[in-house]
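Work through the following exercises with the sequence and the model side by side, and attempt each task before reading its solution.

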Amino acid sequence: MSILGLVHEESGQSLFIKYKAQARVWAEKDDEFDMSKCAIVCDMDSVKTGWVCWPEAGGAPEKVWAETLGQKVASPGKDFKMAFTCEFSLNGERKIWESAQTGALMGFDALYDAMSAARDGDKLAELKWEGAEPKTVGKGTTSIPKWSIVGWVERPLELAREEDMNSSAAASW
């Protein structure tokens, strides 16, 4: 694995996952995978909302995240789309889901509301992927990811935060 851990060289895996709304599948780079077979933990403390713009010529997207969760940030420009980012543990590996897709925004917004309403202390939600619901939005179609909360777990090591690393528990590792 690289020093930053962004790509697992031996497998070609990426830190980022994406939801393909039209096909209703998940992918890591171009490799699709079955999310329903994954052990999923959502780090709702990592969520950021804001805006993202993907350059037409390719390259890294420009991102503008709100300083605090729920803060409304004005769009930085006409090519920016509302977006979110969240860290997950999938089968014990840290992954990041960032999206500006309409269906993904709708699905993640509902998931976050459900997690917030049911949260047990500072535990993280263990999730089950329930598939996706097709939806017509304006003149187009999308699909909305559906999840269920199956339990609450302590923060797994792969989702450790900086403050966790500075704690006395981390010193005993």
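**Exercise 1. Determine what share of the chain is buried, and how its contacts are spread along the sequence.**

Solution. Of the 173 residues in the chain, 35% are buried, a word that here stands for under 20% relative accessible area with a 1.4 Å probe and protein chains only, while exposed stands for over 50% and partly exposed for what lies in between. This is a predicted model, in which local features need pLDDT of at least 70 and side-chain atom pairs count only at pLDDT 80 or more, whereas totals for chains, interfaces and linings use all residues. Residues are numbered from 1 along each chain as its sequence is written, and side-chain values use heavy atoms, with hydrogens and water left out. Turning to contacts (heavy atoms within 4.5 Å), of those with a separation of 6 or more, 55% are between residues 24 or more positions apart.

**Exercise 2. Set out the order of helices and strands, then describe α1 and its buried side.**

Solution. Helices (H or I, at least four residues) and strands (E, at least two) are taken as DSSP runs numbered from the N terminus. The chain has three helices and eleven strands, arranged along the sequence as β-β-β-β-β-β-β-β-β-α-β-β-α-α. Helix α1, residues 102–118, contains 17 residues and spans 25 Å from its first C-alpha to its last, close to the 24 Å expected at 1.5 Å a residue, where the expected span is 1.5 Å times one less than the number of residues. Its buried residues are G103, A104, G107, F108, L111, Y112 and M115. Viewed down the axis of α1, these buried residues fall within an arc of 155°, so they line one face of the helix; the arc is that of the directions from the helix axis to the C-beta atoms. An α-helix has 3.6 residues a turn, so residues three or four places apart point the same way. The cover over the buried residues of α1 includes β6 (40–53), β8 (81–90), β9 (93–99), β10 (124–137) and β11 (140–153).

**Exercise 3. Locate the largest nonpolar core and trace the neighbours of M35.**

Solution. A nonpolar core is a set of buried Ala, Val, Leu, Ile, Met, Phe, Trp, Tyr and Cys residues joined through side-chain atoms within 4.5 Å. The largest one has 25 residues, and M35, I40, W97, F108, M115, L127 and W147 have the most contacts inside it. Two or more residues each come from β3 (16–20), β6, β8, α1, β10 and β11, with α1 giving the most, five residues. Leaving aside residues up to four places away in sequence, M35 touches I17, W26, I40, L90, W129 and W147.
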